[in-house]
Amino acid sequence: MRIVSGKFGGRRLSAVPGMETRPTTDKVKESLFNIIGPYFDGGTSLDLFGGSGGLSIEAVSRGIDKAVLIDRQYAAIKTINKNIAVTKHPELFDIFKMDATKALSVLAKKGYTFNLIFLDPPYAKQQIVKDLTIMHENGLLEDDALVVAETDEAANLPTEDWGQFTFIKQQNYGITYLTLYRYKKER
């Protein structure tokens, strides 16, 4: 794994040891950033299932101001810290070791809001719609926030507008599905 592009481009990243975490492949990551825009002009991102931290590090490398990463596994948090050290800019990242549902409550209490959201849960624990509903209810989403969900086909995510979320597109890469939504505070 590596950082594909931006100010940290080309640097190698480590994967989380063991079989509990499934890293986003470089091919999928490159395709994803080609879809959502190769570079960002600031903002804050949230990776609710941080894994190795690769998506957040890529986003910061491409212009996100601050990335917040959540994971409940000690091995993942250790790997995220190791990978962030590769950037030599740990101040651009906030890391929380906790369950995703608890994290949403903690982040709301701390006053975080997000412009870019990555949701790549373990395939057996996909609850994307529920997590996004909680984010909306807790005021965690900036108007026009972009949501990227990485799932398998069993997630069966909506491919139409729902609630405050506008469906953008769904793309599949083998067993991996990327589904994108745009959040609107007013609809």
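**A walk through the sheet, its helices and its salt bridges**

Let me start with the sheet, which is open and has seven strands in the order S3-S2-S1-S4-S5-S7-S6, with pairing that is mixed. Its edges are formed by strand S3, residues 93-97, and strand S6, residues 165-173, each of which pairs on one side only. From one strand to the next the twist averages 15°. I should say at once that what we are looking at is a predicted model, and everything that follows should be heard with that in mind.

Let me take the two ends of that strand order in turn. At the S6 end, eight bridges join S6 to strand S7, residues 176-183, and these two strands run antiparallel; if you want a place to put your finger, Asn172 stands opposite Tyr177 in S7. At the S3 end, five bridges join S2 to S3, and here the two strands run parallel, with Phe93 in S3 as the bridge partner of Ala67. To get from S2 to S3 the chain passes through helix H3, residues 74-87, and this β-α-β crossover is right-handed. As a reminder for those who do not look at sheets every day, strands pair through backbone hydrogen bonds, and they may do so in parallel or antiparallel fashion.

Now to the helices that lie against the sheet. Helix H4, residues 100-109, lies across S1, S2, S3 and S4, and its direction runs at about 140° to S2.

Next I would like to move to the region around Arg62, where several parts of the chain meet. Which residues does Ser5 touch, once we leave out residues up to four places away in sequence? They are Tyr39, Glu58, Ser61 and Arg62. Ser5 itself is found in the segment before helix H1, which spans residues 26-36, and because its relative accessibility is 16%, under the 20% limit, it counts as buried. Two of the residues that Ser5 touches, Glu58 and Arg62, meet through their side chains in a salt bridge, at 2.7 Å from N to O, and both Glu58 and Arg62 are buried.

Phe40 belongs in this picture as well, and its place is in the loop between H1 and S1. Although Phe40 and Arg62 are 22 residues apart in sequence, their C-alpha atoms are 5.9 Å apart in space. Again not counting residues up to four places away in sequence, Phe40 touches Phe33, Ala59, Arg62, Gly63, Ile64 and Leu116.

That brings me to the salt bridges in general, of which the count comes to four. How are the side chains of Asp94 and Lys66 joined? They meet in a salt bridge, at 3.2 Å from N to O. Asp94 lies in strand S3 and Lys66 in strand S2, so this pair ties together parts of the chain that are 28 residues apart in sequence. The two partners can be described separately: Asp94 is buried, with a relative accessible area of 18%, whereas Lys66 is partly exposed, with a relative accessible area of 23%.

Another salt bridge brings together the side chains of Arg182 and Asp144, at 3.8 Å from N to O. Arg182 lies in strand S7 and Asp144 in strand S5, so here the parts tied together are 38 residues apart in sequence. Arg182 is partly exposed, at a relative accessible area of 28%, and Asp144, at 36% relative accessibility, counts as partly exposed too. This pair does not stand alone, since Asp144, Arg182 and Lys184 are linked in a network of salt bridges.

Finally, let me turn to the nonpolar interior. Which residues have the most contacts inside the largest nonpolar core? They are Leu46, Leu48 and Met135, in a core that has 30 residues. S2, H4, S4, helix H5 (128-137), S5 and S7 each supply at least two residues of this core. Met135, leaving aside its neighbours within four places in sequence, is in contact with Leu46, Leu48, Leu104, Ile117, Leu119, Leu140 and Leu141. Apart from this core lies another, of 27 residues, and among them are Phe8, Ile64, Ala67 and Leu92. Two of these names have come up already: Ile64 is touched by Phe40, and Ala67 has Phe93 as its bridge partner in S3.

Notes: Residues are numbered from 1 along each chain as its sequence is written. This is a predicted model: local features need pLDDT of at least 70, side-chain atom pairs count only at pLDDT 80 or more; totals for chains, interfaces and linings use all residues. Side-chain values use heavy atoms; hydrogens and water are left out. Helices (H or I, at least four residues) and strands (E, at least two) are DSSP runs, numbered from the N terminus. Buried means under 20% relative accessible area, exposed over 50%, partly exposed in between (1.4 Å probe, protein chains only). Contact means heavy atoms within 4.5 Å. Two strands pair if DSSP finds at least two bridges between them. Axes are lines fitted to C-alpha atoms, for helices over the stretch in contact, and angles run from 0 to 180 degrees between N-to-C directions. A crossover is right-handed if, with the strands pointing away from the viewer, the path from the first strand over the helix to the second runs clockwise. A nonpolar core is a set of buried Ala, Val, Leu, Ile, Met, Phe, Trp, Tyr and Cys residues joined through side-chain atoms within 4.5 Å.
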